[in-house]
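This report describes one helix and one strand of a predicted model, and the elements they meet.

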Amino acid sequence: MTGYLATPLAFPNSSPSGFTMLEDEPQFDPVRHLQIEYPTDVLSLAELGYSDEEIAECPTDFAVTSIFRILSDEGIAAMLETARKLEPFTTSNARIARNVRGGVYRSRFLRDLCQCEELTESLSKICGIPLLPHTLPHQLGHLNYNPLEVGENVDKWHVDTLRIDFVMFVTDPKLVAGGEFEYYRGTKHEVAQLSAAGEPLDSSKIVAPDMPGPGYAVLQQGNMVVHRAKGLREAGERITMVNGYVPRDISFPDFSRFDQLYLVDPKDVAASEYTRHMSWMARERLSADLDSFAFSEDKEAMAEKFEQLADLMAATAKDLREAGRAKVEHFGDG
Ligand SMILES: [Fe+2]
């Protein structure tokens, strides 16, 4: 940690084409809608089997929490109403049959909940580092809806295209058969090897936490914890909401996975949001340097800082030029 905390990036003051706001929405009120209860257990990356070197590249050694409550009963009702209003906007990709991304450009309620300072502060305490709501708006308030075909998994085994996120049930998991959220008590390398060899995952390492009701969630370092959402065994309604965060200390390597987002989000939106996010990151890195200015003879270190920034910008330009060549990554249905 550098000690410098990035200035939050405001939500864009214009919307991408094709995104219009819902009408007659509930108004988000943190006092009435939040009921945050802290998780009792937190698994570390070391407990999943990651090495010290791998953990050193992450902003925190936290991996995944036990289930904890986020929304009050009133908050759950408002979130469910919002999610149902957004259901006509579902799209599909190679991993997920029905999801809504960019709902924060359509729903003021969803945007305000996902950017709520009180919620962000609580989650920062849980994972041990200061967080900010994700600076790519399409990584806020992602909604998964059950596939229309019974039995089809909601989402395959995968790691996330961001670092920190929570998965919260919007519908009541007790009212449906199946639809469990599961994570793997192992590393992503282990799962990649099993998946490449066509072998099943070790069933003794699959954890399906008991979700007591809607409004409950799990917080995870999503790019390090392999997880999935199982299909329903009978027809029913299953909706979950995933909200993304970035570490507020921008000295950690950026983890945007723009190559993946370009494949699942509207291309103009993905490229524009990524450009905006990386401009923010560059600005904040310069601000951090200005903030820590001190007279020195070490011109090598000074030069290195500019080279690092130049490398970051060159890598961003390369990502933008090469977008569209990747494939959607996942580990299959296991
Ligand atoms: Fe995920």
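## Helix α6

In this predicted model, the exposed residues E117, E118 and E121 lie on the face of α6 that is turned away from its buried side. The helix spans residues 117-127, and L119, L123 and C127 are buried in it. These three buried residues sit on the same side of α6 because they cover an arc of only 60 degrees around the axis. An α-helix has 3.6 residues a turn, so residues three or four places apart point the same way.

The buried residues of α6 pack against five strands, listed here with their residue ranges: β2 (62-65), β5 (131-133), β8 (164-169), β11 (216-221) and β13 (239-247). After α6 comes G128, which has a positive phi, near 85 degrees.

## Strand β8

One of the strands packed against the buried residues of α6 is β8. This strand is largely enclosed by the rest of the structure, because 6 of its 6 residues are buried. I164, F166 and M168 point one way from β8, while D165, V167 and F169 point the other way; both sets are buried.

## Strand partners of β8

Strand β8 runs antiparallel to β11, and 5 bridges join the two. In this pairing V167 stands opposite V218 of β11.

The pairing of β8 with β13 is also antiparallel and extends over 6 bridges. Here F166 of β8 is placed opposite N243 of β13. Both partners, β11 and β13, are also among the strands that the buried residues of α6 pack against.

Methods. Residues are numbered from 1 along each chain as its sequence is written. This is a predicted model: local features need pLDDT of at least 70, side-chain atom pairs count only at pLDDT 80 or more; totals for chains, interfaces and linings use all residues. A residue is buried if 20 or more other C-beta atoms lie within 10 Å of its own, exposed if 12 or fewer, and partly exposed in between; C-beta atoms are placed from the backbone. Helices (H or I, at least four residues) and strands (E, at least two) are DSSP runs, numbered from the N terminus. The arc is that of the directions from the helix axis to the C-beta atoms. Two residues are in contact if their C-beta atoms, placed from the backbone, lie within 7 Å. Two strands pair if DSSP finds at least two bridges between them.
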